[in-house]
Amino acid sequence: MTEADARDFPFPYKPYPIQEQFMQALYGALEHGKVGIFESPTGTGKSLSIICGALSWLRDHEAKRKQEADRLLQGDMGTSLNSSSSSTVSIPPLSSAEPDWITDFVQKKAERDLVSKLKDEELRRKKREERLEMIRNNSQLKYALKRKVRDDEAMKLLQLPVDHQGEELKDHEEEELIVAEYESDDESKTKNKFSCGDDEDDLEEEHVTKIYYCSRTHSQLSQFVHEVQKSPFNQDVSLVTLGSRQNMCVNEEVRRLGSVQRINDRCMEMQKNKHDQRPKGEVDQGKRRRGVSKAVCPYVGAQGLQTLRDSVLGAVRDIEQLLSLARETRSCPYYASRLAIPPAQVRTLPIPFTCSSPEFQPVLIIDEAHNLSDTLSCIHSSELTGAQLCRAHSQLTQYSERYRSRLKAKNLMYIKQILFVIEGLLRVLGGKVGQNPHSQSTQPATELLTMNNFLFKAQIDNINLFKVHRYFEKSMISRKVRVLIITPKKNHKYSRDLSASPVESPPGLQGAADDRELAASPMMQIEGFFMALTNTNTDGRVMLHTQGSVAVSSVKFLLLNPAVHFSQVLKDCRAVIIAGGTMQPVSDFKQELLFSAGVEAERITEFSCGHVIPPENILPLVLCSGPSGQELEFTFQNRDTPHLMDETGRVLSNLCNVVPGGIVCFFPSYDYSRRILGHWEASGVLARLSSKKKIFQEPKKANQVEQVLNEFSRTIQVRLTNNGVLSGALLFSVVGGKMSEGINFSDELGRCIVMVGMPYPNIKSPELQEKMSYLDKNLPHSGGRSPGQALIENLCMKAVNQSIGRAIRHREDYACIILCDRRYSRPATLAKLPDWIRAHTRTHTSFGPAFGCCSQTKAYIHTCELSTVIYFFTE
């Protein structure tokens with residue numbers, strides 16, 4: 001029995017047994033530095049189990065560190081140094097040949113160093129606790145006001161752009177657009193002048209274990225924060241929620257810009273403007289600056305940011321609560337939350353941020369991680385169109401010509417290299433710079449190349465892309481070019497951006513708003529693609545896709561090995577927890593993401609628990625045939641046959657006759673959904689279905705999803721109260737679509753989930769074929785199937801598991817799950833269902849007997865004139 005097995009975890013109510021098991025397993029994984037794969041179905045209190053288990057461990061871990069420091073400081077050196085505790089200093093073993101006096105000297109010196117370090121840590125810890133206590137009591141933070149903080153010092157603390165030029169030029173507005181003198185890392189050992197000197201925050205504490213909680217969306221992060229607020233740790237933990245400017249900006253003028261890039265650029269521009277404001281009383285002798293004064297953001301005052309930071313640390317708040325408080329205090333929540341990062345014990349952030357360099361051995365918890373491999377691959381893939389390449393070349397050329405006399409030789413050299421690479425990328429698409437990409441035609445084709453072959457084909461293999469990418473990062477050339485293009489000076493010969501072509505612009509664009517949209521700079525995308533090209537030859541591929549004209553043709557980098565961007569995180573973190581409601585199948589997680597990143601099998605631990613619902617509340621059925629005996633097998637060859645489509649309609653018709661509330665039917669693709677619904681409309685099946693249930697379809701636009709769901713819910717509630725008539729609504733959706741993840745069809749909204757066919761991905765996709773080939777070459781074969789074949793099956797069953805998991809959402813919920821395809825009966829396929837579903841799944845070769853097991857559940861058999869059907873009722 002481990003240390004956590006008999007532990008009592010603080011919990012807001014009596015936990016379910018599976019919650020206790022979850023917390024015990026989580027505590028053990030964190031204590032022993034494991035990489036854990038945790039599966040707990042939705043409705044089992046997974047978030048609260050994560051909170052109470054992880055924060056209990058954090059509390060105990062910090063208590064042990066304090067006890068360790070106390071023992072050492074009290075002189076109990078022998079016991080502490082020989083213990084297996086987490087000492088920050090280890091004493092290297094000495095050779096037995098060394099004289100005793102040397103051994104004794106080294107031993108005592110190591111002990112003195114360790115005691116000195118622990119004293120410093122203890123002092124920082126006490127200081128931090130005192131400050132956080134003052135914050136929680138809404139006391140004045142005198143330690144943060146030791147000296148008068150000027151606005152430019154606050155901006156320096158926030159790492160905002162600072163002008164390092166020593167002399168002022170006549171045109172100060174353009175000075176910020178000049179790239180400072182650049183020296184690459186191997187050309188100078190001195191500190192690069194692009195980096196700002198960072199003052200450590202007063203609340204910084206280096207060796208404090210942090211917990212990073214990551215999830216896919218901001219709404220899921222908010223749900224997690226709400227669970228923390230309900231937990232027993234609400235008053236004891238300091239938590240900061242991180243997000244993008246788009247999600248956290250409260251300046252309505254900036255928010256109205258809409259796109260992420262525009263908001264980021266406008267924010268950075270306003271911070272520069274604030275830094276550039278002249279001190280009061282400083283005026284030009286007899287002259288006034290022409291033009292309108294540059295706008296600054298009123299929400300980034302130093303005192304307001306300090307106050308809002310204290311509020312962030314003083315109480316647990318989600319993004320919406322933080323935004324509300326920020327509007328009241330007129331302070332920026334984006335920068336205030338970043339000021340609160342150093343002392344915060346828990347940080348919540350989106351999954352894309354997980355690849356950033358972690359601090360001192362943090363704990364990383366990634367929730368809703370069922371698509372983690374795909375997410376990492378998408379984050380680090382990059383694509384450029386011919387139109388973007390032409391526009392970037394034109395804009396960077398303008399920048400170089402405009403500031404040629406002010407740029408140093410190193411800057412001009414790197415800018416020429418960037419232009420040379422862009423020309424090479426255009427060349428492989430069949431285009432040339434200096435011509436309108438819309439008028440340059442190409443032959444439709446798709447070609448996949450290794451990294452080395454692509455560099456040779458583009459004739460850019462002689463360019464050191466690592467140095468060029470470092471130049472992008474250090475010089476911020478992308479941002480400077482974008483600022484120049486979006487806010488050009490009036491009457492300047494370079495003010496007109498030749499976005500589409502240096503010869504011809506698309507017609508029909510008039511007005512300042514259109515010009516600004518046309519002038520959007522693709523330099524940030526260019527920078528991202530340069531970074532992608534620094535991947536190794538085996539980890540990625542480049543796809544050239546030409547179609548019609550150069551403007552719409554594209555060059556795309558595909559990351560085939562997501563482990564390369566996750567390996568450092570796995571090495572630096574004390575423990576990594578990958579959690580989700582449905583993690584099956586987990587084999588691809590271990591092979592593709594963990595083993596490939598160098599994680600040993602001994603470090604990996606798995607935990608999977610059942611559901612809290614009683615066994616009779618779930619009825620998973622595999623239907624091998626329909627009411628008329630037609631076999632149900634939706635392969636690519638026969639899924640379009642009228643007989644199979646008609647049989648599927650008969651299955652749904654029987655269910656609609658008796659199932660109250662909502663039925664959600666998932667099709668394998670949008671294309672098949674369109675074809676089968678068209679056939680049903682022509683054959684009258686839709687008319688029969690709509691006579692009992694109102695028909696809804698997944699909307700084409702994402703912003704219409706909530707409207708459809710609200711109407712779907714209202715229809716069910718109204719029809720269920722219609723004199724007891726058995727009715728409701730039927731929703732047609734698509735696996736992997738807008739309603740297959742993140743949507744709750746709880747209670748009456750989803751009494752029955754129907755899965756039509758198996759949603760295998762398009763095996764003819766060049767990207768998928770290249771991924772399969774990569775896995776076949778780099779991963780071991782097992783179970784008689786190649787890794788590429790296993791990938792196809794795993795992608796299919798992951799999508800199925802996410803879709804059918806939409807129904808059961810809490811302890812009292814119940815539903816029937818109908819898997820319409822005989823291929824679901826294969827043992828290998830059944831094994832990839834979640835344990836809590838697979839354990840109750842029944843397979844039947846004929847339609848009638850398939851429902852014979854319903855007497856053990858909340859569904860009962862009833863024989864009608866046409867077929868055997870199901871009755872549902874509430875207790």
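**View 1. Seven strands of this predicted model form an open sheet with parallel pairing.** The strand order is β13-β14-β12-β15-β16-β11-β17. Strands are DSSP runs of E with at least two residues, helices are runs of H or I with at least four residues, and both are numbered from the N terminus. Two strands pair if DSSP finds at least two bridges between them. At the edges lie β13 (693-697) and β17 (842-844), each of which pairs on one side only. From one strand to the next, the twist averages 20 degrees. The model is predicted, with local features needing pLDDT of at least 70 and side-chain atom pairs counting only at pLDDT 80 or more, while totals for chains, interfaces and linings use all residues. Residues are numbered from 1 along each chain as its sequence is written, and side-chain values use heavy atoms, leaving out hydrogens and water.

**View 2. Strands β12 (residues 661-667) and β14 (residues 728-734) run parallel and are joined by seven bridges.** G661 stands opposite G728 in β14. Helix α25 (residues 670-683) packs on the sheet and touches β12, β13, β14 and β15 (752-756); contact means heavy atoms within 4.5 Å. The direction of α25 makes about 120 degrees with that of β12. Axes are lines fitted to C-alpha atoms, for helices over the stretch in contact, and angles run from 0 to 180 degrees between N-to-C directions.

**View 3. Strand β8 (residues 540-559) is largely enclosed by the rest of the structure, because 15 of its 20 residues are buried.** Buried means under 20% relative accessible area, with a 1.4 Å probe and protein chains only. Strand β7 (residues 441-450) runs antiparallel to β8, joined by eight bridges, and L448 stands opposite M543 in β8.

Methods
Buried < 20%, exposed > 50% of the residue type's maximum accessible area, 1.4 Å probe, protein only.
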